[in-house]
Amino acid sequence: MSVKPEPVLTNNNNDRRPSNKSMGSQDSLTPKVAIVESYGDDQSYRYSFTYEKATLYEFKYEKAFKPAAVDPCFRCNRRVLPQDKVDVGVLFHMQCFRCRICGLPLTIQTFLRNDANEGDREIYCRTHVGKNVAQVKSGEVPPMGIEGPATGPGKKYIFQVTGKSIRPLPETPVKPQMNKGIGLSPGGDSLVSLTPGNMNDTSAWTTQSSPNISMEITQGYDSYRPHQQQPTKPITHPKSLLVSYDDFENAGVFEGQLMLEERHREEEERLLRFLLEEREKELRRLDDTVELEKEKAADDLLSSIENLSMTSIPRSLVDERERIEDHFRQVKEERLKAVTEKIATEEKTRNGKMIDRHCHEMLTLIGEKDRERDRMCLFDHSMKPPAEPPEGKKSSLYKSPAVFEALDLRAIDLANKDYSTMTDLVRDLTRTCKTELEKARVLFRWVIAKDINKHSVNEIVRPHATDRLLKGVKSGKETYHQLYKKLCSYAGLHCEIVLGYSKGAGYKPGMRMDGQTFRNSWTVVNINGSWRLVNCTWAARHVTGHKDNLPQMYHKYDEFYFLTDPEDHIYQHYPDDPYWQLLEIPLPFSEFLNLPVVKSPFFNYGLRFYSNYGATITTDTGMIEIRLLTPKILGFGSMLENVNRLPSEPKQLEGRTLLRFVKSEAIFTIALPGPGLYYFSIYTGDYWRSECLESACTFLLQCTNMKGRPSPPYPPVPFFGPTPVMENLGITADSNIDPLVVCNNDYIEINFLLSKDIRLTHTFQYFDVNDGSITDIDRYVFLRSRNDAGANYLIRCHKAGFYIFSLYAADLNGESQSLDCAFRYLVICQEPSPTVAMFPKTYQKWHRCALHEPLAGDLPTDKRVLFRLDIPQALEVFVVINEIWHHLKQKVGCAWEGQINTGPIPGLAKVYARFQGATKDQSIFAQMLDYQVIDDAETEI
């Protein structure tokens with residue numbers, strides 16, 4: 001049964017009746033908010049948010065009652081297709097990736113989560129994070145996260161409707177068509193819509209549009225009926241007829257390139273000669289200027305001597321002459337450095353312009369060959385494609401670099417071969433290439449190999465190999481980016497060099513970026529009509545440190561910098577021209593600076609931020625939590641350092657970071673020692689026991705004020721939570737998934753489910769925060785029951801502090817005799833119970849058994865104590881106190897029970913059992929448990 005929605009209007013005017021002066025009056029600028037929540041006949045949840053202030057904005061979505069069986073969208077419960085997916089721990093359609101309350105479009109860099117509520121997996125804008133719909137209705141919270149300085153009458157507006165994003169036509173005004181119905185995403189999956197009406201501006205909250213989009217304005221969901229449409233087809237681009245090596249060979253492209261390259265080489269030689277002449281002129285001009293100044297200084301010295309008596313000369317003539325010589329030697333060195341830098345800049349500029357012209361001419365040549373084959377060909381190599389976000393992610397082009405193994409090996413092999421012309425080099429490199437992707441890849445790997453090889457023995461033995469092709473790079477007039485651009489032009493690929501700022505070596509969160517500081521460049525290459533980001537220089541990594549049997553300095557290439565996804569690339573690089581961000585919603589420079597410093601290993605290992613953390617995280621309690629989404633259990637490390645530390649202070653602050661794994665999250669809890677600024681860096685590796693970790697991300701932590709005493713240091717343990725041993729052996733944490741457990745009761749229970757019979761053991765330790773010592777306290781943990789289906793542990797904390805419970809496991813039939821850590825808990829006790837007692841001691845035969853009572857390990861004297869145990873396959877069970885054997889009676893199944901008097905003498909109470917196959921001889925009884933019988937005055941149960 002459908003529930004009729006009742007909109008809640010919020011404004012400053014209690015009279016809701018329309019006024020004759022409403023059009024164009026001040027009332028028309030009074031904000032009005034309508035929020036509708038209802039349920040449809042199919043139990044689907046429907047939400048509508050309308051905001052009106054000079055313009056009308058409406059955001060609504062419908063959430064299906066049951067989620068799709070495969071890849072459901074968290075917002076609408078409908079299936080998310082791969083090309084329309086945003087993954088932040090839960091999946092969203094790109095269209096659904098908006099603020100839960102106001103519908104503001106969000107990006108990976110701008111979405112926020114309500115960290116105060118771990119169960120809330122929704123996403124919000126900065127205005128509404130941590131808020132709810134009721135607060136907006138009451139007027140307690142501003143209704144719009146979409147208003148900003150860019151809004152207002154007369155501004156350009158773009159809108160977005162349901163379905164997969166469709167890029168706008170540049171500089172084309174969009175006129176919404178009313179009363180036409182709202183379209184669906186591919187397959188009719190997403191049901192999110194934004195409906196503008198009488199709008200003047202929405203530029204602060206919208207993304208893109210298409211002139212073929214139709215929309216409707218509705219007052220509720222009674223009239224909301226999306227019309228079924230055909231799935232949107234991907235945008236098709238004109239394609240070149242000449243793509244593969246065979247196409248180039250048959251069309252005579254290589255022959256034409258050889259002739260054009262010869263002309264280019266002559267031009268390069270002329271430019272080189274001209275630049276050398278200009279350099280010599282500048283240096284001669286510098287020498288002449290300095291000599292004239294020195295002569296003038298010498299003349300001034302002689303004139304001063306003539307006017308003074310010899311007795312009044314402050315120093316000898318020889319000393320003064322040496323001082324002048326030293327002065328002008330320094331002046332010449334300083335000016336020479338400045339002139340050299342100026343000349344080098346001018347040479348790079350001239351050479352860059354020549355390379356751009358040569359690349360354009362080479363692409364024009366290929367375009368002419370295109371038209372010779374088909375005069376109706378629409379693709380024009382001489383025209384640079386417009387800068388637009390790529391269609392699909394990198395993963396849509398290839399899943400693993402293994403698909404390029406043959407091409408990579410060919411590129412590396414040819415990097416050691418000499419070539420006299422660029423044409424012959426590209427011809428050999430692309431000989432097996434069939435697609436533009438393969439061309440871009442093989443050229444990329446060749447450039448990487450040349451960059452890495454500049455430190456190799458081969459380069460030292462044959463220093464002039466391929467010298468003609470790398471002359472510009474070796475002389476410093478040309479970069480590896482320009483080399484890649486030239487290679488791409490020979491292969492018929494558009495490539496552009498992008499200038500901007502980069503968070504490279506030496507940059508830390510909070511640093512300024514201006515002038516020439518942290519300036520950098522990278523490239524974009526057009527593949528199948530989409531621009532893709534490539535960075536040949538950063539991909540050739542020169543890594544310091546030992547790895548396996550490699551020397552201290554070894555080299556590798558970084559896959560991350562080949563066709564990097566724009567939403568990942570923006571963490572490190574900010575272009576001068578915003579359109580080269582290749583993002584649907586370009587990021588302001590201030591937001592770029594506010595992003596944490598993120599390195600390529602962060603993305604290579606599949607990490608993602610749980611929420612949108614800024615570069616600087618502020619706290620007034622001294623406690624900060626950073627949560628990462630992980631595809632599997634990885635190796636992690638961290639470093640906390642004081643920004644303003646004294647030279648005598650240690651660089652790293654130990655014991656201030658706690659790492660725990662909870663489901664698919666790695667959660668770092670940082671307890672700052674006091675107010676101040678701190679750098680916090682996270683390192684990661686592919687294996688959970690990795691000792692070779694790579695920098696993943698860095699934050700600036702700011703503690704403005706410490707309320708109360710700082711938290712004590714954490715135990716020196718790498719992490720808490722599961723290890724891969726859990727999955728390998730089929731173990732599941734049943735009771736406490738979060739390894740951080742607070743114990744303020746008599747005891748806590750920890751349960752593990754087992755899928756097969758395995759070997760298990762455990763340790764229980766106390767961490768003393770005063771001296772940093774760790775003590776074994778096995779009597780405060782007890783394996784209460786153990787069978788093929790699970791294991792139940794009881795834990796008691798006898799005093800306040802940190803406790804470490806570790807579970808170790810191994811395959812029963814495995815070759816290794818050692819047990820590996822499977823799970824590690826951190827137990828925090830703040831208020832220990834005054835009646836805490838130790839557990840009984842267990843022995844090896846306590847396997848598949850269960851203890852019901854007594855659970856206390858200390859028994860009082862002269863008391864009758866009820867013993868209840870489950871011991872499978874036991875024939876007899878006895879409790880032995882002071883050499884007296886007390887027989888327990890067998891109940892149903894394997895249960896044994898009996899009331900035993902502990903007697904007046906303190907000592908041991910032992911539980912024995914005799915199993916099938918044994919005789920009644922006392923020596924073959926197996927000891928199961930040990931209790932301590934102590935004076936009643938000393939015992940507290």
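# Briefing: strand pairing and two helices

Across from Gln 765, in strand 29, stands Asp 776. These strands belong to a predicted model. Strand 29 covers residues 774-776 and pairs with strand 28 in the antiparallel sense, over three bridges. The points below take up strand 28 and its partners, an open sheet of four strands, helix 10 (residues 480-490), and helix 3 (residues 253-306) with its residue Val 253.

**Strand 28 and its partners**

- Strand 28 (residues 758-767) also pairs with strand 32 (residues 801-811), in the antiparallel sense and over ten bridges.
- Within strand 32, Tyr 808 is the bridge partner of Thr 761.
- Strand 28 and strand 29 form a hairpin with six residues between the strands.
- In that hairpin, Gly 772 has a positive phi near 75°.

**The open sheet of four strands**

- The strand order in this open sheet is 16-18-21-20, and the pairing is antiparallel.
- Strand 16 (608-609) and strand 20 (657-662) are the edge strands, each pairing on one side only.
- Seven bridges join strand 18 (residues 623-629) to strand 21 (residues 665-671), again in the antiparallel sense.
- Opposite Leu 629 in this arrangement is Glu 665, a residue of strand 21.
- In general, the strands of a sheet pair through backbone hydrogen bonds, in either a parallel or an antiparallel way.

**Helix 10**

- Helix 10 (residues 480-490) is largely enclosed by the rest of the structure, because eleven of its eleven residues are buried.
- The buried residues of helix 10 include the tyrosines Tyr 480, Tyr 484 and Tyr 490.
- Also buried in helix 10 are Lys 485 and Lys 486, along with His 481, Gln 482 and Ser 489.
- Leu 483, Leu 487 and Cys 488 are among the buried residues of helix 10 as well.
- Gly 492, just after helix 10, takes a positive phi of about 80°.

**Helix 3, Val 253 and the annotated span**

- Val 253 lies in helix 3, which runs over residues 253-306.
- The relative accessibility of Val 253 is 0%, so Val 253 counts as buried, the cut-off for buried being under 20%.
- Leaving out residues up to four places away in sequence, Val 253 touches Leu 242, Phe 248, Ile 366 and Lys 369.
- Leu 242 and Val 253 are eleven residues apart in sequence, with a C-alpha to C-alpha distance of 9.1 Å.
- An unreviewed UniProt entry annotates residues 258-296 as "coiled-coil region".
- In the model, residues 258-296 are 100% helix and 0% strand, and the end C-alpha atoms of this span are 57 Å apart.

How values were computed. Residues numbered from 1 in each chain as written. Predicted model: local features only at pLDDT ≥ 70, side-chain atom pairs only at ≥ 80, totals over all residues. Heavy atoms only, no water. Buried < 20%, exposed > 50% of the residue type's maximum accessible area, 1.4 Å probe, protein only. Pairing = 2+ DSSP bridges. UniProt positions renumbered as here; feature names shortened; annotations may be inferred. Contact = heavy atoms within 4.5 Å.
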